[in-house]
Amino acid sequence: MEGVPPDSLKQEPVDLADFINLFDFEQMAKGKMTEMAYEYVASGAADELTVRWNRQALDAIKLNPTVLTDVSQLDTRISLFGQKLAHPILIAPTAYHKLMHPEGELATARGAGLASALYVVSSFTTTPLAEIAQVATQPLWFQVYVRDDREFTRNQIQEAEAQGCQALCITVDTPVPGVRNREQRGNFRLPAGVTIPHMGGPIVEKKPFTWNDIAWIQSFAKTPVLLKGILNPDDAEKAVQAGVSGIIVSNHSGRNLDTVPATIEALPRIAERVNRRIPVLMDGGIRRGTDVLKAIALGANAVLVGKPICFGLACGGAEGVAKVLQLLTYEFELAMILTGRATIDSIDRSVIWDSFRENKQG
Ligand SMILES: Cc1cc2nc3c(=O)[nH]c(=O)nc-3n(C[C@H](O)[C@H](O)[C@H](O)COP(=O)(O)O)c2cc1C
Ligand SMILES: CCCCCCCCCCCCCCC(=O)C(=O)O
């Protein structure tokens with residue numbers, strides 16, 4: 001358990017056959033992680049209203065299935081920026097994987113490989129990107145927190161691209177972290193020996209982070225640039241005007257600004273404004289195959305999953321991560337079959353029961 005105090009993780013074997021849906025992982029992970037790590041992952045900002053709304057809003061959407069459709073040739077494949085993916089479920093960037101499992105991000109990358117999933121590596125990775133890239137068999141993207149030291153950020157991005165990362169997700173919703181009361185009570189700190197090799201030292205200068213920085217990143221980035229953390233349709237329009245390659249509709253799992261809307265609520269109006277000019281991805285509360293279907297129907301090209309990956313990692317390392325993704329893709333395939341949709345392109349607004357459709361279609 002290199003770099004992690006032996007008592008910081010409770011690694012007793014679990015039988016992954018016992019996990020039948022994504023919610024089971026959180027239950028089990030609570031017993032497997034230190035309290036500090038569990039509170040860090042599970043919590044949201046302030047009163048956690050947005051955390052709850054992410055789930056409630058997805059639950060409230062009803063489906064409108066079509067019967068007697070030929071779904072024998074089910075095809076979940078998508079293409080993003082020319083990259084061919086087996087399915088539209090990506091691993092969201094989450095920090096500090098060595099708090100969840102001694103193999104940290106290496107296990108996550110292996111799990112992504114087992115489940116044919118694209119993995120967005122956090123800039124708060126506790127494992128160097130070069131090592132992750134060595135074990136990855138699926139595409140990697142890199143998430144960027146823009147540093148006060150912009151030369152550091154430029155080097156970080158160039159290093160990520162040199163390691164083979166195929167896109168950059170610039171997180172724009174966290175100029176500062178939110179009011180994280182549970183994290184504060186848990187007295188969050190990194191255990192001795194766990195480091196974040198791609199974040200650099202402490203902040204020395206509070207520098208504004210604006211659209212000018214996005215233009216600057218695009219001036220040297222060789223890979224597609226996505227903005228992660230868009231909720232406002234006006235910002236989505238500015239992102240298109242700025243020439244970015246894609247956006248991720250996200251409220252950071254309710255960890256930053258509490259009381260912003262659920263992402264599934266923000267998604268349709270953003271998708272409408274973007275009007276397919278660039279891909280729109282979405283995350284926040286995706287736990288069921290039907291959630292993936294609803295997000296695609298309401299305008300997402302793909303979704304990302306955060307907390308369940310952390311819990312899967314804590315429960316079973318690479319196999320736990322893979323099991324989370326396999327359960328979700330399996331549920332998604334069933335949802336496609338049961339709604340009569342054989343391809344991703346055929347998942348449109350008509351699969352949403354009309355009380356939730358903005359443009360009623362009779
Ligand atoms: C424990 C944890 C750590 C996270 N770390 C990052 C991060 O380093 N960078 C980032 O852009 N987003 C981070 N996020 C946000 C996720 O990328 C993603 O937006 C969110 O988790 C999706 O919602 P979900 O967890 O409900 O699936 C983190 C989320 C969690 C739960
Ligand atoms: C080490 C200095 C970092 C400067 C960059 C500022 C970005 C804000 C940092 C927020 C911490 C969030 C950690 C991971 C995360 O996104 C989450 O927990 O959620």
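Helices (H or I, at least four residues) and strands (E, at least two) are taken here as DSSP runs, numbered from the N terminus. The structure is a predicted model, in which local features need pLDDT of at least 70 and side-chain atom pairs count only at pLDDT 80 or more, while totals for chains, interfaces and linings use all residues. Residues are numbered from 1 along each chain as its sequence is written, and chains are lettered from A and ligands numbered from 1 in the order in which they are written.

A good place to start is the annotated binding site. The unreviewed UniProt entry gives the annotation "binding site" to Tyr-40, Tyr-145, Arg-180, His-252 and Arg-255; such positions are given in the numbering used here, and annotations may be inferred rather than shown by experiment. Tyr-40 belongs to helix H2 (residues 35–42). Tyr-40 is buried because 22 other C-beta atoms lie within 10 Å; the cut-off for buried is 20 or more other C-beta atoms within 10 Å of a residue's own, with exposed meaning 12 or fewer, partly exposed in between, and C-beta atoms placed from the backbone. Leaving aside neighbours within four places in sequence, Tyr-40 is in contact (C-beta atoms, placed from the backbone, within 7 Å) with Leu-99, Glu-183, Gly-186 and Phe-188.

Arg-255 sits in the loop between strand S8 (246–249) and H10. Arg-255 counts as buried because it has 25 C-beta neighbours inside 10 Å. With neighbours within four places in sequence again set aside, the contacts of Arg-255 are Gly-44, Ala-45, Gly-178 and Arg-180.

Arg-255 also appears around ligand 2, together with Ala-95, Phe-124, Tyr-145, Arg-147, Thr-174, Pro-177, Met-199, Ile-203 and His-252; a residue is near a molecule or strand if its C-beta atom, placed from the backbone, lies within 6 Å of it.

Turning to the interior, the largest nonpolar core has 104 residues, and Ile-91, Leu-168 and Val-303 have the most contacts inside it. Such a core is a set of buried Ala, Val, Leu, Ile, Met, Phe, Trp, Tyr and Cys residues joined through C-beta atoms within 7 Å. Helix H12 (residues 307–339) supplies the largest share of this core, 16 residues. Not counting residues up to four places away in sequence, Val-303 touches several residues, among them Pro-88, Ile-89, Val-292 and Ala-295.

Val-292 and Ala-295 are among the buried residues of H11. Helix H11 (residues 289–297) is mostly covered, with nine of its nine residues buried. Gly-299, whose phi is positive, near 120°, follows H11.

Notes:
Two residues are in contact if their C-beta atoms, placed from the backbone, lie within 7 Å.
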